[in-house]
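Here are some exercises to work through with the structure open beside you. Try each task yourself before reading its solution.

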Amino acid sequence: MAIPGKSSATAVTREPPATRLQWRIAEVTALRDETPRARSLTLRVADWTGHIAGQHMDVRLTAADGYQTQRSYSIASIPQASELELLVDLIPEGEVSPYLTQEVRPGDRIEMRGPIGGYFVWTAAHGGPLMLIAAGSGVVPLASMLAYRAQAAPGLPTRLLYSVRTSEDIIFRPRLDSWARQDPTLTVVLTLTRGAPIDWTGYRRRIDMDMLRQVAFSRDQSPLAYVCGPTSMVEETADHLVALGYPPERVRTERFGPSGDPR
Amino acid sequence: MRSFRSRIVRFAADPPKLLPLETLISEYGPGRYELTLHYRSDLGRAADDLAMLKRLVRAVARRHGMTACFMALSYGLVHASPLSTLPPRIANGCSSLARQSARDCAAPELSGRWPAPSTIALLQGRCHSRDDSQYHIARKGIIVAVDDKPPVSRGFVGRRRATAERERVPPGQYVTLDFPILSAGPTPHTPLQEWSFALQHGPNRLAEWNWQQFEALPKTSITVDIHCVTKWSKFDTGWEGVTIDALIKAAGLEQSPTAYVMAYSDGGYTTNLPVADLLNGRGMIASKFNGEPLAPGHGGPARLLVPHLYFWKSAKWVRGLSFVAEDKPGFWESLGYHMYGDPWKEQRYSGD
């Protein structure tokens, strides 16, 4: 049985901030459609002091009558960047994502606070080899890790296994391609789950045990794994990694979206 | 705060001087500055200087994500002025950045510490402008005042809820019909024959139950709303389990040996709670959700349930409570999350 304690978290324990995380106003400086449903927002935050790769921001919107709502979005940008990049995936029935992907324009000001999160983060001190596994917009915090790794730990053996529905749903494809091209120690493996172009040579199915056996570092290399995506994908993938011999404390997860369970 | 001031100084005082700024002094009130302009005998030029200072402060405020406005400073506060009857050496322009509430405009002994959180908020852009009609160029100086209404997100409508529903949702939360799963690592799968639950006090095991014994304890059913710090709330969740009151009684304890507990789980997860939050039916070890055995993804075979706190306090895969004298941070609490986590006070992160 587990010993009470925080053995799996101590590596990233930081002093809690002494004062409240304040809401700040960020100004939208650029928008870019990453996929037909995902939009990247570049924001300027006064006195932004950076973040740790993997962290997220809380976003708060206020309607004219004072009604407010909040959501969290992962940070895509490199930690040292002067401007912040968030990626918002459109949930058609959603309350916030249609606004952020369709209504917002440069010059708009959005309240946010952060960066937040101290476990699903990676710094060079965490080491590797780094096994990154994502589905859909789960690639966003991992993209921040890869951008950071390219500067802080180039040459650290790293693999990204990334599952999306179709080739046009690949978020950050140009930067993923570019990193993989520039760095032979980085491998990016894509799998398409709902139809692939005729000339597609990669995987064409959901991430499964066989795929992980082929793509993931073996446990002998003592890899550190980060898994981010919809709940069912993360649950299954984390279970598979543990079955492949990854110690549970070397598998860090972040989940979003519905559980897949009946109500 | 520092960068706001340094920008003003950079624009106003560094050569080439845009403004004849003599000093920029922190005033008593948080975020309040006295900006002293060089004396000009020409009233027209003095007025120009004040107007320009106003524009400058506004522009810098805008760079900090806020809009400044200006109000007259009462005559009595200004001891030297080009407009006063005594010939002064300098003209004063008092510029104050402060929230409208009396508490925050007050001297440090009233507001507690300097800079006050509201001042930091202000400089980080939480605040925005008052109505333009309240702008005045002071005869004796200027006060810049800013209030803290959040800015309207242009074009955002949002989804209104019925009042009854709204009152059930803590601030910053939205209602989900789904039951999302959030955890930091893989889901442990402890077989029931290896499962046990313990009450611990230091090195002493006060009581321990295996699965069969635990299931034989008196059960309680409750239907409650739950609130996750990641912002979803779910209404009317049905749980069945053993209350902490019943566990303490079954352990033969008269009362809790300490005021705090650390709940600990398979996988190494921990979370800290005051014992008072677990007693009188407020906390239980739940093993059924909506009539079904609790699924591993949701914390099964059993999880702590403390529905009046953010749901990270309801530790999944819980294996015991350790009574401790001091309230020490658990897993998320040591990673920047709040020590207590009251959703109605929106205690999400440390300092909230």
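The exercises below go from sheet to helix to core, and then on to the second chain.

This is a predicted model, in which local features need pLDDT of at least 70, side-chain atom pairs count only at pLDDT 80 or more, and totals for chains, interfaces and linings use all residues. Residues are numbered from 1 along each chain as its sequence is written, while chains are lettered from A and ligands numbered from 1 in the order in which they are written.

**Exercise 1. Find the order of the 5 strands in the open parallel sheet of chain A.**

Step 1. Helices (H or I, at least four residues) and strands (E, at least two) are DSSP runs, numbered from the N terminus. Two strands pair if DSSP finds at least two bridges between them.

Step 2. Following the pairs across chain A gives β9-β8-β7-β10-β11. The edges are β9 (186-192) and β11 (251-256) of chain A; each has a single partner strand, so one side of each is left without a neighbour in the sheet. From one strand to the next, the twist averages 10°.

Step 3. Take one pair in detail: β8 (residues 158-164) of chain A runs parallel to β9(A), joined by 7 bridges. Within it, R159(A) has T187(A) as its bridge partner.

**Exercise 2. Work out what α2(A) packs against and how many of its residues are buried.**

Step 1. Helix α2 covers residues 139-152 of chain A, and its 14 residues reach 19 Å from first C-alpha to last, close to the 20 Å expected at 1.5 Å a residue (the expected span is 1.5 Å times one less than the number of residues).

Step 2. Two residues are in contact if their C-beta atoms, placed from the backbone, lie within 7 Å. α2(A) touches β7 (130-135), β8, β10 (224-230) and β11 of chain A, and its direction makes about 150° with that of β7(A). Such angles run from 0 to 180 degrees between N-to-C directions, with axes fitted to C-alpha atoms, for helices over the stretch in contact.

Step 3. A residue is buried if 20 or more other C-beta atoms lie within 10 Å of its own. That holds for 11 of the 14 residues of α2(A), including L142(A), M145(A) and Y148(A).

**Exercise 3. Identify the residues with the most contacts inside the largest nonpolar core.**

Step 1. A nonpolar core is a set of buried Ala, Val, Leu, Ile, Met, Phe, Trp, Tyr and Cys residues joined through C-beta atoms within 7 Å.

Step 2. The largest one has 111 residues, and those with the most contacts inside it are L86(A), L132(A), L142(A), A225(A), Y226(A), A263(B) and I285(B). α2(A) gives the most to this core, with 8 residues.

Step 3. Look around L132(A): beyond its neighbours within four places in sequence, its contacts include L142(A), M145(A) and Y226(A).

**Exercise 4. Which strands stand at the edges of the open mixed sheet in chain B?**

Step 1. Chain B has 8 helices and 16 strands, and 43% of its 352 residues count as buried.

Step 2. The order of the 5 strands is β8-β7-β16-β11-β12. The edges are β8 (204-210) and β12 (270-274) of chain B, each with a single partner strand, so one side of each is left without a neighbour in the sheet.

Step 3. Inside this sheet, β11 (residues 260-265) and β16 (residues 318-324) of chain B run antiparallel, joined by 6 bridges. Y264(B) stands opposite G320(B) in β16(B).

Notes
Buried ≥ 20, exposed ≤ 12 C-beta atoms within 10 Å, placed from the backbone.
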